[in-house]
Amino acid sequence: MFLCIREEVCSRSNEHNAALVAALSKEKIMKATLFILMGLLTAAIFITACGPRSADGVSNTGKTVATAQAGNDLTATLSTADGTFKNGQQEFTLTFTDRAGKTVDVGSAAFNLHMPAMGSMAAMNDNATLTTTSTPGVYKGKVTVEMVGEWQAQVTYEGPAGKGAFTLPITAHNKEERI
Ligand SMILES: [Cu+2]
């Protein structure tokens with residue numbers, strides 16, 4: 001492109017070109033950085049808007065541990081924050097939904113963790129306390145799980161959706177276990 005008449009001019013021109021290229025790429029990097037930052041900001045806003053929000057954790061029902069048909073065309077879903085059920089103090093959410101996935105108020109509900117007798121060990125029953133939340137059909141539960149292993153969560157309810165009883169199979173893991 002550049003015709004070199006004298007060595008001096010030519011080298012200067014090259015220097016200038018190099019500086020120009022550097023300036024241009026700097027601008028490009030700045031633009032790209034800005035673009036990425038804008039993207040990250042948008043993603044952050046989106047995540048915040050769609051993530052868990054309410055104080056009582058109603059919208060944050062966590063990850064599913066077990067589901068079961070609850071009768072009256074309802075499905076019950078038990079979930080915990082990390083999707084695992086562990087021995088010791090365990091908090092959970094129990095949600096009743098209709099076929100469309102909409103939460104349904106089932107009135108009063110009871111929850112008992114049952115483990116049948118095993119050899120010389122008597123049957124175990126760990127009762128959970130269930131409390132209603134601001135969303136009808138979503139219950140918060142707290143239970144002291146006595147041991148690891150296979151449990152049957154025996155759930156009963158009675159209310160506007162009818163009367164029902166069902167069981168949810170639940171495996172209680174060791175607290176220290178990484179799942
Ligand atoms: Cu047991």
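In this predicted model, Gln-154 stands opposite Thr-167 of strand β8, a pairing that belongs to the antiparallel arrangement of β7 and β8, which are joined over eleven bridges. Strand β8 covers residues 162-172, and β7 and β8 together form a hairpin with two residues between them.

The residue Ala-153 lies in β7, the strand of residues 149-159, and is placed by its contacts among several parts of the chain. Not counting residues up to four places away in sequence, Ala-153 touches Leu-78, Phe-111, Leu-113, Thr-167, Leu-168 and Ile-170. Of these, Leu-113 has Ala-153 as its bridge partner in β7, within the antiparallel pairing of β7 with β4 (residues 108-115), which extends over seven bridges. The C-alpha atoms of Ala-153 and Met-115 are separated by 8.8 Å, although the two residues are 38 positions apart along the chain. Ala-153 counts as buried because 25 other C-beta atoms lie within 10 Å, the threshold for this class being 20 or more.

The two pairings of β7 are part of an open sheet of eight strands, whose order is β1-β2-β3-β6-β5-β4-β7-β8 and whose pairing is antiparallel. Strands β1 (63-71) and β8 stand at the edges, each with a single partner strand, so that one side of each is left without a neighbour in the sheet. Neighbouring strands of this sheet are turned against each other by 25° on average, direction being ignored. Elsewhere in the sheet, strand β3 (residues 88-97) and strand β6 (residues 138-145) run antiparallel and are joined by eight bridges, and within that pairing Val-138 of β6 is the bridge partner of Thr-95.

At the level of the whole chain, one helix and eight strands are found, and they follow the pattern α-β-β-β-β-β-β-β-β when read along the sequence. Of the 179 residues, 20% count as buried. Among contacts with a separation of 6 or more, 54% are accounted for by residues 24 or more positions apart.

The loop between β1 and β2 (74-80) contains Asn-72, and Asp-73 has its place in the loop between these strands as well. Asn-72 has a positive phi of about 55° although it is not a glycine, and Asp-73, which is not a glycine either, has a positive phi of about 60°. With 14 C-beta neighbours inside 10 Å, Asn-72 counts as partly exposed, whereas Asp-73, with 12 such neighbours, counts as exposed; the assignment of Asp-73 follows because the exposed class takes in residues with 12 or fewer neighbours.

The confidence of the prediction varies along the chain, for which the pLDDT averages 81, with 66% of the residues scoring at least 70. Over residues 1-17 the pLDDT is below 50, and this stretch has four contacts in the model beyond near neighbours in sequence. A pLDDT under 50 is also found over residues 45-58, for which the model has eleven contacts beyond four places in sequence. Where pLDDT is low, the predicted coordinates should not be read in detail.

Terms used:
Residues numbered from 1 in each chain as written. Predicted model: local features only at pLDDT ≥ 70, side-chain atom pairs only at ≥ 80, totals over all residues. Helix = DSSP H or I, 4+ residues; strand = E, 2+ residues; numbered from the N terminus. Contact = placed C-beta atoms within 7 Å. Pairing = 2+ DSSP bridges. Axes fitted to C-alpha atoms, helices over the stretch in contact; angles between N-to-C directions. pLDDT = per-residue confidence, 0-100.
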